[in-house]
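Dear colleague,

I am passing on the structure below, and after it you will find my notes on what came out of the analysis. Please read them beside the coordinates.

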Amino acid sequence: MQPLMFEKEKKLLTAWADFINAVRDFFKSKGYLEVTTPILQEYPNVDPNVEPLKVKLNLKGKEKNFWLHTSPEHAMKKMLAKFPMNMFQITKVFRDRDYGRLHRPEFTMLEWYRLEANYEHIIEEIGELLRIFGFENYEVLELERAFEKHLGVVLSEDEEVLKNNLISYGYEFDDKEDWESLFYRLYIDLEKHLGIDKPTFLVKFPSKLGIYSVVKDGYAERFELYIKGIEIANGWTEERDPEKVRKRMELWVKDRKLPLDEELLDALVKIPEFAGCSIGLERLFMVVYNIEDLNELPWIFKVEDEE
């Protein structure tokens with residue numbers, strides 16, 4: 001390793017250690033309990049936007065499937081059901097099929113849950129955290145307004161209405177594409193416009209993109225945070241009705257052959273009103289230190305034959 005490269009990587013390692021300590025100190029100063037949950041899980045997180053990694057273990061002479069957690073969400077919610085208190089965790093998480101400038105199958109996640117809170121409280125809390133790293137102000141932008149402002153498209157949850165809107169604005173698409181495919185194709189174009197001048201919290205997502213969030217008045221009570229065109233955080237007011245969550249999960253696993261986590265569903269009814277959020281810490285570190293590619297981080301997972 002060249003001396004200059006060694007010094008650069010040494011500085012990054014030191015900065016990362018200070019960065020993690022600052023995040024940890026922030027949550028501890030607000031009374032959060034730092035917790036640890038198993039990385040190996042009996043049930044996968046079935047969020048439709050991530051793919052879990054299966055691990056086959058031989059236990060007591062019998063093979064059994066486990067999953068590396070894509071986030072500590074399920075385990076922390078089960079812990080909340082037994083010990084209802086504000087809690088956070090910093091841990092490695094794993095996701096299949098993710099690799100690139102901003103993606104890795106292994107990365108560091110911050111996840112936290114706050115009782116008697118909704119997604120707006122979490123946004124305010126993140127604003128406080130961001131100030132530690134030099135971001136003094138932020139904006140909150142409704143998703144529909146963002147589509148109109150940056151793409152010139154009126155967003156609709158009705159597939160035919162959305163397609164007619166796209167035709168009128170000159171967007172080309174295959175008529176076989178469904179609403180979700182069209183939405184995410186547009187969303188990828190939208191992302192590069194977000195959080196350029198200051199951090200941007202997108203709110204009021206369509207109900208069908210609610211994930212595990214409460215849906216009220218036709219909108220999901222969730223947000224995504226963008227800084228410099230990069231998605232940093234994803235959070236929401238948590239839905240506690242196990243039947244509503246079950247219906248969503250059943251749709252997500254329909255063609256994926258993944259088991260449902262019944263323990264999670266049982267736990268939800270035992271948790272007071274709460275909200276939660278996750279942050280990809282390497283990405284936040286990147287925007288704080290103006291780093292363009294995860295490959296620049298000396299601790300990050302890399303494929304040996306990568307060019």
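In the protein chain, residues 24 or more positions apart account for 67% of the contacts with a separation of 6 or more, a contact being heavy atoms within 4.5 Å. This is a predicted model, in which local features need pLDDT of at least 70 and side-chain atom pairs count only at pLDDT 80 or more, whereas totals for chains, interfaces and linings use all residues. Residues are numbered from 1 along each chain as its sequence is written, and side-chain values use heavy atoms, with hydrogens and water left out.

Buried residues make up 49% of the 307 residues, where buried means under 20% relative accessible area with a 1.4 Å probe, protein chains only. The chain holds nine helices and 12 strands, which are DSSP runs (helices H or I, at least four residues; strands E, at least two) numbered from the N terminus.

Turning to helix H6 (residues 179-191), its 13 residues should span 18 Å at 1.5 Å a residue, and its end C-alpha atoms are indeed 18 Å apart; the expected span is 1.5 Å times one less than the number of residues. Its buried residues are Trp179, Leu182, Phe183, Leu186, Tyr187, Leu190 and Glu191. Seen down the axis, they fall within an arc of 165 degrees, so they line one face of H6, the arc being that of the directions from the helix axis to the C-beta atoms. These buried residues pack against helices H4 (143-151) and H5 (159-168), and against strands S8 (200-206), S10 (219-227) and S11 (230-237).

With regards

Definitions and conventions: Buried < 20%, exposed > 50% of the residue type's maximum accessible area, 1.4 Å probe, protein only.
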